[in-house]
Amino acid sequence: MSVKFEISKTEKGEFHFKLLNTDGKTLLRSEGYNAKASCTNGIESVRRNAADEARYDLKTASDGRPYFNLKASNGQIIGTSPMFADASACATAVAATKSAAAGAAVDDKS
């Protein structure tokens, strides 16, 4: 399995995408979108911004676990990572996102 985007639809009708690593684990997930076209635009924004180190906002949750947000050039959050066990795992996820998002295929499960 290679790195890929996966689009899904919730019971409420919202579309979401996740960027999955080669093991199928989530690197990044989106907010909910009312329209599939908006979800697809979010994926394109991740592709455009993922290679830029300045677009990553590294954070620490209240329980001390690290995570990151990927932001567009306008500062809007386009994806949020899951919480990681340590800073090394978070850095590995950032590196994987930076290197693979631009060429990742889309698997539409909606």
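In the predicted model examined here, lysine 36 is partly exposed, its relative accessible area being 33%. This residue takes part in a salt bridge with aspartate 108, in which the closest N and O atoms are 2.3 Å apart. Because lysine 36 belongs to helix H1 and aspartate 108 to strand E7 (residues 105-108), the pair ties together parts of the chain that are 72 residues apart in sequence. Aspartate 108, with a relative accessible area of 36%, is likewise counted as partly exposed.

The bridge between lysine 36 and aspartate 108 belongs to a set of 9 salt bridges found when the whole structure is searched. Another of these is formed by the side chains of lysine 71 and aspartate 57, with a distance of 3.4 Å from N to O. Here too distant parts of the chain are linked, since lysine 71 lies in strand E5 and aspartate 57 in strand E4, 14 residues apart. Lysine 71 is partly exposed, having a relative accessible area of 26%. A further salt bridge, of 3.5 Å from N to O, brings together the side chains of lysine 109 and aspartate 107. Of these two partners, lysine 109 is exposed at a relative accessible area of 53%, whereas aspartate 107 is partly exposed at 22%. Through salt bridges that share partners, Lys4, Asp107 and Lys109 are joined into one network.

Helix H2 was considered next. The helix comprises 14 residues, from 87 to 100, and at 1.5 Å a residue these should span 20 Å; the C-alpha atoms at its ends are in fact 20 Å apart, so the expected and computed values agree. At the start of H2, the backbone nitrogen of serine 88 is approached by a side-chain oxygen of aspartate 86, which reaches to within 3.2 Å. The buried residues of the helix are Cys90, Ala93, Val94, Thr97 and Ala100. Because these buried residues fall within an arc of 160° when H2 is seen down its axis, they line one face of the helix. On the other side of H2, by contrast, Ala87, Ser88, Thr92 and Ser99 are exposed. The buried residues of H2 pack against four strands, namely E2 (15-20), E3 (26-29), E4 (56-60) and E5 (66-71).

The packing of nonpolar residues can be placed in a wider setting. In soluble globular proteins, nonpolar side chains tend to be buried together. In this model, the largest nonpolar core has 25 residues, and those with the most contacts inside it are Phe5, Phe17, Leu19, Val46, Phe68 and Leu70. Two or more residues are given to this core by each of strand E1 (4-9), E2, E3, H1, E5 and H2. The greatest contribution is that of H2, which gives 4 residues. The surroundings of phenylalanine 5 may serve as an example: when its neighbours within four places in sequence are left aside, its contacts include Phe17, Leu19, Ile43, Val46, Ala101, Ala104 and Val106. Charged residues are also found among the contacts of phenylalanine 5, including Lys18, Arg47 and Asp107.

Several polar side chains were examined individually. Glutamate 53 is found in the loop between helix H1 (36-49) and E4, and at 47% relative accessibility this residue counts as partly exposed. Although glutamate 53 and lysine 98 are 45 residues apart along the chain, their C-alpha atoms are separated by 7.9 Å, and a polar contact of 2.4 Å joins their side chains.

Serine 81, which has its place in the loop between strand E6 (77-80) and H2, is buried, with a relative accessible area of 1%. A polar atom of the serine 81 side chain lies 2.8 Å from the backbone nitrogen of phenylalanine 68. When residues up to four places away in sequence are not counted, serine 81 touches Leu27, Leu28, Arg29, Tyr67 and Phe68. Asparagine 69, found in strand E5, is also buried, since its relative accessible area of 6% is under the 20% that sets the limit for a buried residue. The side chain of asparagine 69 makes a polar contact of 2.8 Å with that of threonine 80. With neighbours within four places in sequence left aside, asparagine 69 is in contact with Arg55, Tyr56, Asp57, Lys59, Ile77, Gly79 and Thr80.

Terms used:
Residues numbered from 1 in each chain as written. Predicted model: local features only at pLDDT ≥ 70, side-chain atom pairs only at ≥ 80, totals over all residues. Heavy atoms only, no water. Expected span 1.5 Å × (residues − 1). Buried < 20%, exposed > 50% of the residue type's maximum accessible area, 1.4 Å probe, protein only. Arc of directions from axis to C-beta. Contact = heavy atoms within 4.5 Å. Polar contact = N/O pair within 3.5 Å; in protein donor to acceptor, adjacent residues only side chain to side chain. Core = buried A, V, L, I, M, F, W, Y, C linked by side-chain atoms within 4.5 Å. Salt bridge = Lys/Arg side-chain N within 4 Å of Asp/Glu carboxyl O.
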